[in-house]
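Welcome! Here are a few exercises to help you find your way around a new structure, each with a solution you can follow at your own pace.

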Amino acid sequence: MLSVHSVAGQVLILQVAVVLLLVIAAVTALVLQARNASLQDAKARSLVGAETFAHAPGTLAAMKSPDPSALLQPQAEAARKDSGVAYIIAFDTKGIRWTHPDPNLIGKHVVGSYAEALAGRVHQETYDTPGVGRAVDAMVPVFDTDGTVVGLVSVGITLSSINERVMEQLPLLIGSAAGGLVLVTGGSALVSRRLRRQTHGLDPAEMTRMYEHHDAVLHSVREGVVVVSGEGRLLLANDEARRLLDLPEDGEGRRVAELGLAPRAAALLTSDRVATDEVILAGERLLAVNLRRTAPTGSVATLRDTTELRALAGRAEVARERLQLLYDAGVRIGTTLDVVRTAEELAEIAVPRFADYVTVEVPAAVRQGEEPDGEASSTMDRIAVRGIRDDHPLVPAGERITFGPTTPQAQVLHSGHAVLLPDLSDAPGWHAQDPERARRVVDFGIHSLITVPLQARDTALGMVDFWRSDRKPFTPDDLAFAEELAARAAVAVDNARRYTREHTMAVTLQRSLLPHGLPEQSALEVAYRYLPAQAGVGGDWFDVIALPGARVALIVGDVVGHGLHAAATMGRLRTAVHNFCALDLPPDELLSHLDELVARIDESETGSGESAAVTGATCLFAIYDPVSGHCTIARAGHPGPALVHPDGSVAFPDVPVSPPLGLGAGLPVETAELQLPYGSRLVLYTDGLVEDRDRDIDVGLELLRDALAHPGRTPEQDCQAVLDALLPDRPRDDIALMVARPERLDPDRVADWDVPCDPAALSPIRAACARRLQDWGLDEIAFTTELILSELVTNAIRYGGEPIHLRLLYDRDSLICEVSDGSSTSPHLRRAATTDEGGRGLFLVAQFARRWGTRYTDRGKVIWSEQSLDAAETELDEAMGDLILDQWDEPTP
């Protein structure tokens, strides 16, 4: 029974070998564990012995005595013998031994490192100690009362004693191994006897007869049975399996992959997984397969013919494909918030998986983002067409179609339900819309149509038409699926429509807040471009403001962020700049006031919690004087300007930068003074032009330099060249660009005089001005001008301070009179009473001049007036002057 030729004998040999390996591994592990445990115990014992001896009474006194060896050696030897350690050595801080088991080594220097113990810490290590051998050593310091180390105590336990403890455990290990072998042998004998009982002691002949009986039963059943080996070879196939799988006669012993089976059937039979009633196609039959693994390797499969389930399987596959299509539609439709693109995505997902051609129509209002009319309109814009061929006769995208009342599209719009036309050749209502086109559609091969409304929130947003030509006509089952697909697409279309409406409103608001044109002025030739971001609106803005004295202000700003809040904030800042410009403030003061304004807005809005703060606004402000060609620039967190010289070279002037608006914290704003030569161009821009996620700002500035480096171009040409070079395909931020070419006022149209602080000087000054007006051909306004400058100069002499200066500027259709003095006292317009001797001067100036005002300089102030040279306005001013003078005449007594 336990012969090596029997299974039981072979199993016994294997088990004995396994037990021996386990015993060897256990002995090794226990020896190592015992050695490690003994070593740790030895370290602990040596440390305890060293600590005990070091802190024993009298140890410290003996070490400090004149002869420590005489006192310590007897104590150390007595303690060593009592504790069973290998040695107890005491030595001084210089390493000279006081005690040792070998008296000859007393007074000699210790071997090994003791610096750690000398530093006051415990030191443990394994040493080769003279006269003792290799031992585990624990070294501890002995401290004096003041904490200094007086000496050291070293206690060691030899490794040989550790090994003796390990060897004591070997008999137990060997006894356990012998017991295991006995147990394995007895178990094998019992298992062998049980196997004999389970086979009932059958001999080979009896086993053969039993196999024949089983084989007869196997081939007589009406269920296919296939046995496959672990290597993928066919071991057994009954008659039914041969019939169902159409196996060759010599199939047994060959690989399943070589039997000509369908790929899926071959893959299933050779797989190592479990299958239960899995349906596969084998030729014209549908087979239900059950697959189970067999021991030791291989598998057995049973096959049943279920051809009648083919139709059901086909419907299940169609259902699976449609579920997948609906899933894909949810993922791929509505990726952009654009109505036309959403309709195109619907057409792309449905062709060719559901229909051969798809068309989508929506009302014009929906395409523009508006709500559709309350009553369904039969006029639609076709916004998407998709098909398996491009030469179809359907109405192309972009056309506007009015559907007749008999068409299925009109029925869908009025009923709100899908309409199925399985045969277009027999659809008179559809043919009545356009008989000629309908005939060409049918002749082309399009034979079936489903029209479905696009409905969201009980509102018809349009409709989608599904057409078939190369596949079977639509069925009522297809109708339900088309409605589900259209319902999912309608939600995306409605989202896109609502976004379009809100985006249009935001863009409209933003554009209403930006300049609609440039003011008339002769100081600068200006061209500009403003491009909103691809998605949403931002807070970039620009402006050109005409200032007194023929000067012009250029402003470029940026509010960080997007949306209505950024656009509204931009409008507030632009309005504030206009108001500050009305005060004729210099750039640095204007930006300081603007910084305070933004800080107050931030505080009020943050405290109320109604909207987000404005943090992140930047601005660049420049004032150009055409008389001197001088330009003053200041900026708060904004990119600096570019200056194109007349020769085409481009420079980026160094303009001091201040913190962004609202973050200045009261810091002063510095300005830069530039002299703009004739023929140069000043370029102002926002960061969206030169900076992008995919492009560093340094690269953008170099591209800007290259685009501007061309002499003799107009500002309009510069704007176009810059956008062609730097504009990304889909701008993520707003872009504002302004190019200004400075002009100079003709020196012949500028006249100035220094005025003495003497009322007698008024008459010569008035005469000189009259002569200059005559030279300019402005005799018709000479009287009015003399009156204005007389009042302004008189006020400067009476109430101002030296120096007093008068300047006349003849600019296009206006005459500007400027009187400057060294006083900062501001004049006020008032209405004088009848008995007052003065107070009428500024009132007359305000009536005769088109505009007047005061601006302050570093050395005082300038009072200016601007007269119109238009004939109609001049005559009106003279008539008003006569009327005013008549009102001021004193009544005759």
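## Exercise 1: A pair within one helix

The side chains of R497 and D494 meet in a salt bridge, 3.0 Å from N to O. Keep in mind that this is a predicted model.

**Task.** Where do R497 and D494 lie, and how many residues apart are they?

**Solution.**
- Step 1: Both residues lie in helix α16 (residues 476–513).
- Step 2: They are three residues apart, about one turn of the helix.
- Step 3: As for their surroundings, R497 is buried, and D494 is buried too.

## Exercise 2: A pair between two strands

**Task.** Which residue forms a salt bridge with D821, and are D821 and K861 buried or exposed?

**Solution.**
- Step 1: The partner of D821 is K861, and their closest N and O atoms are 3.0 Å apart.
- Step 2: This pair links distant parts of the chain: D821 sits in strand β29 (residues 814–821) and K861 in strand β31 (residues 860–868), 40 residues apart.
- Step 3: Buried means under 20% relative accessible area.
- Step 4: D821 has 5% relative accessibility, so D821 counts as buried. K861 has 4%, so K861 counts as buried.

## Exercise 3: Two rings

**Task.** Why is the ring pair of Y357 and F444 edge-to-face?

**Solution.**
- Step 1: Ring centres must lie within 6.5 Å to pair, and planes over 60 degrees apart count as edge-to-face.
- Step 2: The centres of these two rings are 6.1 Å apart and the planes are at 65°, so the pair of Y357 and F444 is edge-to-face.
- Step 3: Y357 belongs to strand β10 (residues 357–362) and F444 to helix α15 (residues 435–444), 87 residues apart, which makes this a link between distant parts of the chain.
- Step 4: Y357 is buried because its relative accessibility is 1%, while F444, at 22%, counts as partly exposed.

## Exercise 4: Into the core

**Task.** Which members of the largest nonpolar core touch the most other members?

**Solution.**
- Step 1: The core has 53 residues, and those that touch the most other members are L554, V577, L591, L594 and F621.
- Step 2: Helix α17 (residues 564–582) gives the largest share of this core, seven residues.
- Step 3: Take L594 as a case: leaving aside neighbours within four places in sequence, the contacts of L594 include L573, A576, V577 and F580.
- Step 4: A second, separate core has 39 residues, among them F354. F354 is also part of a cluster of ring pairs with F466, F474 and F481, and the charged end of R468 sits over the ring of F354, 5.5 Å from its centre.

Note on methods: Residues are numbered from 1 along each chain as its sequence is written. This is a predicted model: local features need pLDDT of at least 70, side-chain atom pairs count only at pLDDT 80 or more; totals for chains, interfaces and linings use all residues. Side-chain values use heavy atoms; hydrogens and water are left out. Rings of Phe, Tyr and Trp (its six-membered ring) pair if their centres lie within 6.5 Å; planes under 30 degrees apart count as stacked, over 60 as edge-to-face and the rest as tilted. Helices (H or I, at least four residues) and strands (E, at least two) are DSSP runs, numbered from the N terminus. Buried means under 20% relative accessible area, exposed over 50%, partly exposed in between (1.4 Å probe, protein chains only). A charge sits over a ring if NZ of Lys or CZ of Arg is within 6 Å of the ring centre and within 35 degrees of the ring normal. A nonpolar core is a set of buried Ala, Val, Leu, Ile, Met, Phe, Trp, Tyr and Cys residues joined through side-chain atoms within 4.5 Å. Contact means heavy atoms within 4.5 Å. A salt bridge is a side-chain nitrogen of Lys or Arg within 4 Å of a carboxyl oxygen of Asp or Glu.
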